[in-house]
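Here's a quick briefing to read alongside the model. It starts with the packing, then moves to charged pairs and a few residues worth a look.

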Amino acid sequence: MKKINSEQTRRSFLGNLSKAGLLGITGLAPLAASAVSPKIRVSATPNNQEHAFLCKPYLQVPAPDTIAVMWLTSRPCYSWVEYGTDGQLNHKAHHVTKGLVDANNRLHRIELDNLEPGKQYSYRVLSKEITDFQPYKLTYGNTITSDTYTFTAPNPQAREVSWLMLNDIHDRPASIPHLLELNGNDPYDFVFFNGDMFDYQSDEQQIIDHLLAPCGDTFSTRIPFMYVRGNHETRGKYAREWHQYFDNPDHGSYFTFTRGPVHTIVLDTGEDKEDSAPVYAGITDFDSYREEQARWLEKQLQSPAYKKAKYKVVLMHIPHYHGGDWHGATHCRNLFGPLFNKYKIDLLVCGHTHQYGTYDPVPGQHNYPLVIGGGPQEGKRTLIKIKADQQQLLLTMLRDDGTVIKRMTIDASDKRK
């Protein structure tokens, strides 16, 4: 980031996706599990598409003292963020890759780093259209400017944390604001999507209409979200582009983060069937991917950050118990289960089954409580709230009518209450 002082039904897909403005493959460089900052390349767009924002800016958290601002435009641009404290917009940031400022792209991702912890920032995004890009002559068009928004910079030294979790929305965008409204006015630091927000990945417009738009209208211009895949995000012709629209800690598809007294490990459980299943047509290798994660997981469970945390939480989409014996679940059980028990995690939160439930420790299986969020249908949808301070971690699960399904407390002194 360059900073410059400046004056200035489970397997069915909804067939009524908006066809207007479908933008096709973006051609962006993929994000690896432990990659450097993602590179953004040229993206083609129809010549008759008006120069416009395709979504509001949305916030991501790639590092403890950093906020990444992402957004989409209809035409290739040079883009930047103007931001500052005390209501000012006196700093400018753009993204530089190996000496070249990112430009001529439609998907924009700019990090604001070295932020003052806990400080409120104002920001807006600007995109200047590139109408012609010749080797020795670049021609600009109009510049579009977003509204001004605010966010609070993450505080790595915070002594408490609170977040909201959704899972298994399955292309029902109205569920996102509905469930988040159940939180009322309780403050929260971020939102976590625990997989299967879509039925399968068709195109960019689906990502905009069914996730980025409802999030932008609800929270994501001011509060960041993190996102781990479920098995349905691995499906469809656009599944290999999906990850480019999101940015987790360390740019990972599986990752860890520490907020307040909670150290969280996030695993990408992949598909639920064997790689050899005919429906995958020989182009998946999730067994090797989960084995790679198991090796990584043990290192995280031995890390100083994990050992010194008051609460140790794992988030992943497919539960390895209480979710059936499909291949994905049993493979996770064999790979991850012994490590969870050996290193004594405090809590596991999953989705996938479409049946919400909370399960006490079961000796010989899981020596910690296991929570499973609900499904996409009305009456089965859930909002999970986690709030932790120096004394306790409280998990609350709400059904979509606001009924409290379960409250679970993990006490810092005995870790089992």
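A nonpolar core here is a set of buried Ala, Val, Leu, Ile, Met, Phe, Trp, Tyr and Cys residues joined through side-chain atoms within 4.5 Å. Keep in mind that this is a predicted model. With that said, the protein has 417 residues, and 57% of them count as buried. It is built with six helices and 22 strands.

**Surface and cores**

- The protein exposes about 17400 Å², with carbon and sulfur atoms supplying 48% of that area.
- In soluble globular proteins, nonpolar side chains tend to be buried together.
- The largest nonpolar core has 42 residues, and the members that touch the most others are Phe192 and Leu347.
- Strand E3 (residues 66–85) gives this core its largest share, namely five residues.
- There's also another core lying apart from that one; it has 31 residues, including Leu164, Leu180, Tyr227 and Phe246.
- What does Phe192 touch, if you skip residues up to four places away in sequence? The list runs to Trp163, Leu164, Met165, Leu166, Met226, Val228, Phe255, Val266 and Leu315.

**Helix H5 and Pro319**

- Helix H5 has these buried residues: His327, Gly328, Ala329, His331, Cys332 and Arg333.
- Their cover includes two other helices, H3 (286–301) and H6 (337–342).
- Pro319 sits in the loop that runs between strand E16 (311–316) and helix H5 (327–335).
- Pro319 is buried, because its relative accessible area is 1% and the cut-off for buried is under 20%.
- Beyond its neighbours within four places in sequence, Pro319 contacts Ala329, Cys350, Gly351, His352, Thr353, Leu370 and Ile372. Ala329 is also one of the buried residues of H5.
- Take Pro319 and Ile372: they're 53 residues apart along the chain, yet their C-alpha atoms are separated by 7.5 Å.

**The loop between E19 and E20**

- Gly374 is in the loop between E19 and E20, and Arg381 belongs to that loop too, which joins strand E19 (370–372) to strand E20 (382–388).
- Gly374 comes out at 0% relative accessibility, so it counts as buried.
- Outside its neighbours within four places in sequence, Gly374 is in contact with Asn167, Asp168, His354, Tyr356, Lys380 and Thr382.
- How many residues separate Gly374 and Ile169 in sequence? They're 205 residues apart, while the C-alpha to C-alpha distance is 9.1 Å.
- Why does Arg381 count as buried? Because its relative accessibility is 11%, and anything under 20% qualifies.
- Leaving out neighbours within four places in sequence, the contacts of Arg381 are Ser175, His178, Leu179, Gly375, Pro376, Leu398, Arg399 and Asp400.

**Salt bridges**

- Side chains of opposite charge can pair when their charged atoms come close.
- The model has 17 salt bridges by the rule used here.
- Asp217 and Lys56 are one such pair, with their side chains meeting at 3.1 Å, N to O.
- Asp217 is in helix H2 (residues 204–218) and Lys56 is in the loop between strand E1 (2–5) and strand E2 (58–63), so the bridge ties together parts that are 161 residues apart in sequence.
- Asp217 is exposed, because its relative accessible area is 57%; Lys56, at 35% relative accessibility, counts as partly exposed.
- Arg381 and Asp400 make another side-chain salt bridge, at 2.8 Å, N to O.
- That pair links distant parts of the chain, 19 residues apart: Arg381 is in the loop between E19 and E20, and Asp400 is in the loop between strand E21 (392–399) and strand E22 (404–411).
- Are Arg381 and Asp400 buried or exposed? Both are buried.
- The Arg381 and Asp400 side chains are also joined by a polar contact of 2.8 Å.
- Asp401 bridges to Arg399, where the closest N and O atoms are 3.2 Å apart. Arg399 is partly exposed, with a relative accessible area of 23%.
- Finally, there's a network of salt bridges linking Arg235, Glu271, Asp272 and Lys273.

Technical notes:
Residues are numbered from 1 along each chain as its sequence is written. This is a predicted model: local features need pLDDT of at least 70, side-chain atom pairs count only at pLDDT 80 or more; totals for chains, interfaces and linings use all residues. Side-chain values use heavy atoms; hydrogens and water are left out. Helices (H or I, at least four residues) and strands (E, at least two) are DSSP runs, numbered from the N terminus. Buried means under 20% relative accessible area, exposed over 50%, partly exposed in between (1.4 Å probe, protein chains only). Contact means heavy atoms within 4.5 Å. A polar contact is a pair of N or O atoms within 3.5 Å; within protein, one must be able to donate a hydrogen and the other to accept it, and residues adjacent in sequence count only if both atoms are side-chain atoms. Accessible areas come from the Shrake-Rupley method with a 1.4 Å probe; for residues, only the protein chains shown count as cover. A salt bridge is a side-chain nitrogen of Lys or Arg within 4 Å of a carboxyl oxygen of Asp or Glu.
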